[in-house]
Each structure stands twice: as C-alpha cells, then as structure tokens.
Amino acid sequence: MDESKLNEILAVFGERLEKSSAISDVESLKVDFLGKKGHVTSLFKEMGKVAAADRPAFGEKINKVKEKVESGIKELEKNLSEKALNEKINSSYCDVTLAGKFHAAGRRHPISSVIAEIVETFGRLGFSVSEGPDIETDYINFDALNMFDWHPARDMQDSFYAGANAVLRTHTSGVQIRTMLKSEPPIKIVAPGRVYRLDEVDASHSPVFHQVEGLLVDKNTNFAAFKGIITSFCREFFGADRKVVFRPSYFPFTEPSAEVDVECINCLGRGCGVCKNSGFLEVMGAGMVHPNVLRNGNIDPEIYRGFAFGMGVERIAMLRYAVRDIRDFYVNDLRFLSQF
Ligand SMILES: [Zn+2]
C-alpha cells in the first residue's frame, strides 16, 4: 500500500469529474468512490495491511483524499443544478414588453347602474334601502294601498297570480306597508326592485321591469318638504338647472297626488320627438301618503304625515341614455351594453 494508489484514485476521480455533465453522473460518482464498495471506502479497509506506526499518517492521507472527492462531487452537483436552473429560465423566457392577452372586463348593466345611482342620490338625502319579496300577498300589494278589489285602478295593474292570495308584485309599494308595520317613524326609505304587470311587450312596455319607490313618514313633514326633496333629487339626477313641475294627478294611495315632470334633457324645453313637443318628461308619480295607507301601516295619521314617490327605472334609463326601445335592455347584446 503506497501513496501512488491514492494519487491514482485522485487521477481517476479527476477524469470522471471532467466527463460528468448530468445529475445522474453525480450519483454514480458517489457510488463508485464513496459507496460501500467505492474506491475511497476500500482504502479504509486496507488500513489493516499498513504497519501500526504508519497508520495515523496514512489514515490522515486517506481522509484528505476522501475530502477532495467529497468536495469535488459537491462542487459538481452545485454547478449542474445552477446550469439546469439557467436552462429552465432561458427556455421559459418571457418578454414583458409584448402586448398581453386581452380579457374584456365586465361592467354593471345600465339598469343596475341607474338603480345604484338613484339609491345613492337618495342616500345623500338621508334615505336608506328597504326590500321586500317579489311574490306579495293580495292584501299588501293592493288592499293595504287603498286599492280594494272593486277599485278601477286595480284593472290597470291586474297581474300574474301565483295562487289565490299571492301575486307577483305590480309595484314596490308593498315595501312601504311592510316597512311601516315593522318600524317606528321617522321612516325614510327607498325600495328598489323588480315588478310584474300584464303588459304586452312593445318599445316602451315589458311585463317585467324595475321600480324605485320611496317613503318618508314623520311628524312635521308636509307638501313643501316633499317638493323640496323631489326637486333636489331631479336636479341632482338630470341636471342642476332643470325645471321641475308637479302636475296634479290621481293615485289611490296618495292624496294629493302629483306627476313629476322634468325639463326635457334632449331639447332643454324647446320641444322635440323625445318629449312629444311638450318640453317636459314625466319621471315619477308621487304624493302625500293617504291616511288609510298610514292606518294600514299601524301609523296614526292624526300624528304623522308622509309622502311617497315611485319611478320606473327603465323609463329613467331610456330618457337619460336616449334609448328608443326598452327591449334593448333585456336582449343581452354586447354591442348595445358595451356603450354604457
Ligand atoms: Zn324634448
């Protein structure tokens, strides 16, 4: 046993190291040199043949060889994994200056955004949102609102019945009754929602449409406060210098009642096809809450007064965006919807 054997092993190891280019080579180097039957391991087995006095020095030399082999393999392993990582990075090279893939972003439907805007505008005037069921009892949808079964106004709204005493609500006014029954005045709510009527489909009618209705009940409210709030809503929504007109009208659930008209946003009052040359657009029905309706909501009309208003969302959206056909809102044509 002499040193030439050690040098020989190191030389062989050096050659093998030189030729190694894959991770699998690392494994075979480990097995061939440091494994149970490896070249370096077998050197330790030959210690017995060395004279006892020379053993420590020889052992030290073998250890040096072992260290060289171990650090050689470690170095190789490190180089190879770095090389593999670089190859991976280069093969998946990404040019961040290239144009990206285009994904169309969705947006709110014009009806939803008009509802949100109406609710937000009344929110700034102190109104909160209240909701009710789409299927309503006959009593709440009609009777409680002063529309008894003999009432002629009921004919115009007679609708889809879902049973003897259940109707798809013809307006969101039922929410007023529900709110009055469960809360104490002062009440200040807006009720947005879907409503159903037996209407033939045409450019301005649909059997399903949306309303936003509002109710204010308090001790000291009056017609002047009602006009003030409705006028400030109309000006905020349609334009700050729009004229707002209250025309006497009739609704079973309000007394006195009014139709609210706003100066035409298309012709600014001069007269055009949109406003049928009147210069004004009808935007909502409103009035002071009828005492019977307050009583049906468990509110004493001798102490409290209120006013209510309701508007068709599709109508408002059509006026605002100059849409000529209500059906455009429902057919889901992206060429139409992407304009909003
Ligand atoms: Zn006009």
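Visitor: Which rings count as a pair here, and how many aromatic pairs does the rule give?

Guide: Rings of Phe, Tyr and Trp (its six-membered ring) pair if their centres lie within 6.5 Å; planes under 30 degrees apart are called stacked, over 60 edge-to-face, and the rest tilted. This is a predicted model, in which local features need pLDDT of at least 70, side-chain atom pairs count only at pLDDT 80 or more, and totals for chains, interfaces and linings use all residues. Residues are numbered from 1 along each chain as its sequence is written, and side-chain values use heavy atoms, with hydrogens and water left out. By the pairing rule, the count is 14 aromatic pairs.

Visitor: Happy to start there! Why is the pair of Phe122 and Phe309 stacked, tilted or edge-to-face?

Guide: A pair of aromatic rings is described by the distance of the centres and the angle of the planes. For Phe122 and Phe309 the centres are 4.7 Å apart and the planes stand at 20°, so this pair is stacked.

Visitor: How many residues apart are Phe122 and Phe309 in the chain?

Guide: Helices (H or I, at least four residues) and strands (E, at least two) are DSSP runs, numbered from the N terminus. Phe122 belongs to helix α5 (residues 110–124) and Phe309 to strand β9 (residues 305–312). The pair thus links distant parts of the chain, 187 residues apart.

Visitor: Which residue lies over the face of Phe237?

Guide: Phe237 is in a cluster linked by ring pairs, along with Phe122, Phe127, Phe233, Phe238 and Phe309. A charge sits over a ring if NZ of Lys or CZ of Arg is within 6 Å of the ring centre and within 35 degrees of the ring normal. Over the face of Phe237, at 4.3 Å from the ring centre, lies Arg320.

Visitor: Which helix gives the most to the largest nonpolar core?

Guide: Such a core is a set of buried Ala, Val, Leu, Ile, Met, Phe, Trp, Tyr and Cys residues joined through side-chain atoms within 4.5 Å. Buried means under 20% relative accessible area, exposed over 50%, and partly exposed in between (1.4 Å probe, protein chains only). The largest core has 44 residues, and Phe122 and Phe309 are among those touching the most other members. With seven residues, the top contributor is helix α9 (residues 223–238).

Visitor: Which strand pairs with β9 over eight bridges?

Guide: Six of the eight residues of β9 are buried, so this strand is largely enclosed by the rest of the structure. Two strands pair if DSSP finds at least two bridges between them. Strand β8 (residues 280–289) pairs with β9 in the antiparallel sense over four bridges. The antiparallel partner over eight bridges is strand β5 (residues 208–218).
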